[in-house]
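Here is a short report for a newcomer. Look over the chain before reading on.

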Amino acid sequence: MLFETKSKTFLPKEFPLIVGVLNLTPDSFYDGGKYKTRDQVLRRVEKMVLEGADIIDIGAESTRPFSKRISASNELKRLLPHLKMIKKNFDIPLSVDTMKSQVAEASLSEGAEIINDATGFLFDKNIPKVVGKHSGAIIINHAPSLPEDMQKNTNYKDIISDIKAFFKIKIKTCMKSQINKTSIVLDPGIGFGKKTNHNIDLIKNIKKFKPLGFPLMYGVSNKAFVGEILKIKNPKKRTNGSVIASYVCIENGAQLIRVHNVKETKQMITMWRELN
C-alpha cells in the first residue's frame, strides 16, 4: 500500500506518517488565532518539520463542530500568501484543509499537493474534479453533514458499515475524476458528527476498514472525546491522552496520524518501531 503525492511516494515501511496541523484560522478549537504573521507561520512550520512531520496540513477555515462557513475569497486571503511562502521555504508535501473547489484549485495551482476535505465533498461536489485535473492527492473525510450541524446528526445504524458505504461512493467519484488510486487516503472523521462512543468504536475497529484497500488517516489530536474520557476541558492539556490515542490508532492499523503535537507523536512512533 503506497501513498503518492506529486513530489513524493511514501512506501509502506515509512508508515505511519505524521501530518502536522497548521491552523490559519482565528476560531479553531486548539490554536485559533495563534499563527497570523509571516514569522509566526514560518516558525511553526519549521518546528513541525524539525520535529518529524511528513506532511503539513494547512487550514484557513475552521471545521470544528458548530463553526460557520466563510467565503472562498476570505479563505484564500488567509491561505494563499502563507501557502506560497511555505512552499518557497520548505521541501515538504503540503495539504490544504478545504471544502471549496475554488480554494482547492488555487491551492493546487500554487504547489499544494493534497486536498483534505473535511466534508467528503458534501459542501462542494466539484472537489474531486479539481484534484484530478491537477493530478493531486486527496483525503476523504467522513462527516454526516456540514460542521455547523454535524453534531445533530449522530444516529447510525452501524457506524462502521455506514462509513464504509460512504467511502465506497466517494472512492468511485474520485476514480471517475482521474485521481490515482495510490493518491487516495480515507479518514473516518473522528469528532465529525460522532459521540464519544462512536469515536471509540472507530478507533477499536480500524482493521474493518482495511478491505477497502486505502491508507487510513486518524485525527484524534486534542479532540473533545479525549477531554471527555480524561475530564480535561482545556484542549491544550490533552497531549498525553492524544498521544496514547494515536498509539492505539497506529497499533490498530492507521497509516497517517494528523496531530498538533508533532514532537510527542514522533517520539511515540520511534518507541513503537523499536518495541514492535
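Is Ser 242 buried or exposed? Ser 242 is buried, because its relative accessible area is 3%. Buried means under 20% relative accessible area, exposed over 50%, and partly exposed in between, with a 1.4 Å probe and protein chains only. Ser 242 sits in helix H8 (residues 239-251). Leaving aside residues up to four places away in sequence, Ser 242 touches Val 220, Ser 221, Asn 222 and Val 226. Contact means heavy atoms within 4.5 Å.

This is a predicted model: local features need pLDDT of at least 70, side-chain atom pairs count only at pLDDT 80 or more, and totals for chains, interfaces and linings use all residues. Residues are numbered from 1 along each chain as its sequence is written, and side-chain values use heavy atoms, with hydrogens and water left out.

## The whole chain

The protein chain holds nine helices and ten strands. Helices (H or I, at least four residues) and strands (E, at least two) are DSSP runs, numbered from the N terminus. The radius of gyration is 17 Å, which agrees with the value near 19 Å for a compact globule of 276 residues. That radius is taken over C-alpha atoms, and the globule rule is 2.2 Å times the number of residues to the power 0.38. Along the principal axes, the C-alpha atoms fill a box of roughly 40 × 40 × 40 Å.

Of the 276 residues, 58% count as buried. Contacts between residues at least 6 apart in sequence were also sorted: 70% of them join residues at least 24 apart. The accessible surface comes to about 12,300 Å², and 52% of that belongs to carbon and sulfur atoms. These areas come from the Shrake-Rupley method with a 1.4 Å probe; for residues, only the protein chains shown count as cover.

## The sheet

What is the strand order of the open sheet? Its eight strands run S8-S7-S6-S5-S4-S3-S10-S9, with parallel pairing. Strand S8 (184-187) and S9 stand at the edges; each has a single partner strand, so one side of each is left without a neighbour in the sheet. Two strands pair if DSSP finds at least two bridges between them. Strands of a sheet pair through backbone hydrogen bonds, either parallel or antiparallel.

The table lists some of the parallel pairs.

| Strand pair | Bridges |
|---|---|
| S5 (residues 94-97) and S6 | three bridges |
| S6 and S7 (residues 137-141) | four bridges |
| S7 and S8 | four bridges |

Single partners can be named too. Val 96 stands opposite Ile 115 in S6. Asp 117 has Ile 140 in S7 as its bridge partner. Asn 141 is matched with Asp 187 in S8.

Strand S6 covers residues 114-117. Ile 114 and Asn 116 point one way from S6, Ile 115 and Asp 117 the other way, and all are buried. In a regular strand the side chains alternate between the two faces of the sheet.

Helices link these strands. S5, helix H3 (residues 101-109) and S6 make a right-handed β-α-β unit. S6, helix H4 (residues 127-133) and S7 make a right-handed unit of this kind too. Right-handed means that, with the strands pointing away from the viewer, the path from the first strand over the helix to the second runs clockwise.

## A ring cluster

Rings of Phe, Tyr and Trp (its six-membered ring) pair if their centres lie within 6.5 Å; planes under 30 degrees apart count as stacked, over 60 as edge-to-face and the rest as tilted. By this rule the count comes to three aromatic pairs. Phe 166 and Phe 167 form an edge-to-face pair, 6.1 Å centre to centre with 65 degrees between the planes. The rings of Phe 167 and Phe 209 have centres 6.1 Å apart and planes at 70 degrees, so this pair is edge-to-face.

That second pair links distant parts of the chain, 42 residues apart. Phe 167 is in helix H5 (residues 159-176), while Phe 209 is in the loop between helix H6 (196-204) and strand S9 (217-218). Ring pairs link Phe 166, Phe 167 and Phe 209 into a cluster. Phe 166 and Phe 167 are both buried. Phe 209 is buried, with a relative accessible area of 0%.

## Backbone details

A cis peptide bond joins Phe 15 and Pro 16, with omega about 0 degrees. Pro 16 is in the loop between strand S2 (9-10) and strand S3 (17-23).

Ser 135 is not a glycine, yet its phi is positive, near 55 degrees. Ser 135 lies in the loop between H4 and S7 and counts as exposed at 53% relative accessibility.
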